[in-house]
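Q: Please take a close look at the largest pocket of this protein and at the strands around the residues discussed with it. I would like each term explained as it appears.

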Amino acid sequence: MQFGLLVVVVFLSLMDVAGSSKLVKGRRQKRRSTEVSPSCAKGCDSCSESNGCVKCSPKLFILLERNDIKQTGICLASCPVGYFGIRNPAMNECIRCKIENCEACFSKNFCTKCKEGLYLHKGKCYSSCPESFAAANGTMDCSSPAQCEMSEWGPWGPCSKKKKLCGFKKGTEERSRRILHTPSGDTTVCPVTTESRRCIVKKNPCPGEKGQAKKEKKDEQGKRENRNRNRSNKERDGKKRRRGQHRGTAEPATPFSPIQ
């Protein structure tokens with residue numbers, strides 16, 4: 001009889017313990033569900049009340065929005081303007097563009113849209129299109145070369161130096177072409193219209209220089225002859241003066257007187 005009562009008491013105690021454990025487990029699950037599920041937005045696999053989403057669904061990107069020192073994560077199908085997406089095995093992320101004067105980018109080194117008033121060329125932003133490029137169809141994209149229609153090069157001009165065609169041995173020769181059409185009326189985006197190269201010719205005097213040279217030579221010869229003539233005249237006059245002096249200084253002859 002006492003043994004039976006003991007068995008009944010033990011069975012009831014075990015039932016009470018099992019019921020208590022189920023109640024505690026149910027409370028924990030309920031608390032966990034109230035902590036996580038209500039704060040996770042659609043597309044978020046894991047989140048917290050303080051940091052928002054910490055892990056998005058595989059096809060979505062996580063964007064970390066900073067508010068002072070607090071950082072909150074949200075899940076997006078694509079990254080917003082000013083960010084570019086990176087897909088990783090662990091989680092896809094939205095990274096802010098850090099290219100100078102860039103509003104939208106494809107990667108950390110390639111811009112797809114510049115700030116207003118700037119031109120886009122090969123993923124970079126410029127105040128004007130680089131040389132030989134122009135903005136196509138009124139856009140700010142300089143990715144297309146400037147379509148300037150140019151004429152053929154003309155023949156090389158004569159060899160010259162300082163706008164003279166004679167009196168030198170080494171000079172330059174030039175040739176030119178014309179601009180037939182520009183994409184936007186701006187000729188500065190077109191290639192050069194003139195080019196030059198060095199040239200060597202046989203030196204020949206300019207017209208008039210030969211006669212001038214003969215005249216100068218004749219004048220120099222006349223001056224030389226005059227100098228020689230003057231020198232000869234001076235030498236001759238000097239000899240005459242010396243002879244006159246020699247005669248004036250000779251002793252006078254003693255007169256002969258008869259003997260008495």
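A: The account below begins with the confidence of the model, then turns to the pocket and to two residues.

The model is predicted: local features need pLDDT of at least 70, side-chain atom pairs count only at pLDDT 80 or more, and totals for chains, interfaces and linings use all residues. Residues are numbered from 1 along each chain as its sequence is written, and side-chain values use heavy atoms, with hydrogens and water left out.

The protein chain has a mean pLDDT of 76, and 71% of its residues reach 70 or more; pLDDT is the predictor's confidence in each residue, from 0 to 100. Among the elements of the chain, strand β14 (residues 170-176) has the highest mean pLDDT, 91, and helix α1 (residues 2-36) the lowest, 53. Over residues 29-37 the pLDDT is below 50, and this stretch has three contacts in the model beyond near neighbours in sequence. A contact means heavy atoms within 4.5 Å. Where pLDDT is low, the predicted coordinates should not be read in detail. Helices (H or I, at least four residues) and strands (E, at least two) are DSSP runs, numbered from the N terminus.

The largest pocket holds about 240 Å³ of space. A pocket is an open set of points on a 1 Å grid over the protein atoms alone, where a 1.4 Å probe fits, with protein on both sides within 12 Å along at least five of seven lines; lining residues have an atom within 4 Å of a point. Among the residues that line the largest pocket are I62, L64, R66, Y83 and C94. Strands β3 (61-67) and β6 (92-96) each supply at least two lining residues, and the largest share, five residues, comes from β3.

Strand β6 also contains N92. Is N92 buried or exposed? N92 is buried, because its relative accessible area is 4%, and buried means under 20%, exposed over 50%, and partly exposed in between (1.4 Å probe, protein chains only). A polar atom of the side chain of N92 lies 2.8 Å from the backbone oxygen of P58. Not counting residues up to four places away in sequence, N92 touches P58, K59, L60, F61, I62, I86 and R87.

S107 lies in strand β7 (residues 102-107). With a relative accessibility of 24%, S107 counts as partly exposed. S107 touches F84 and I99, not counting residues up to four places away in sequence. From C-alpha to C-alpha, S107 and I86 are 8.4 Å apart in space, while 21 residues separate them in sequence.

Methods
Grid points are joined across faces, edges and corners, and a volume is the space filled by probe spheres set on the points. A polar contact is a pair of N or O atoms within 3.5 Å; within protein, one must be able to donate a hydrogen and the other to accept it, and residues adjacent in sequence count only if both atoms are side-chain atoms.
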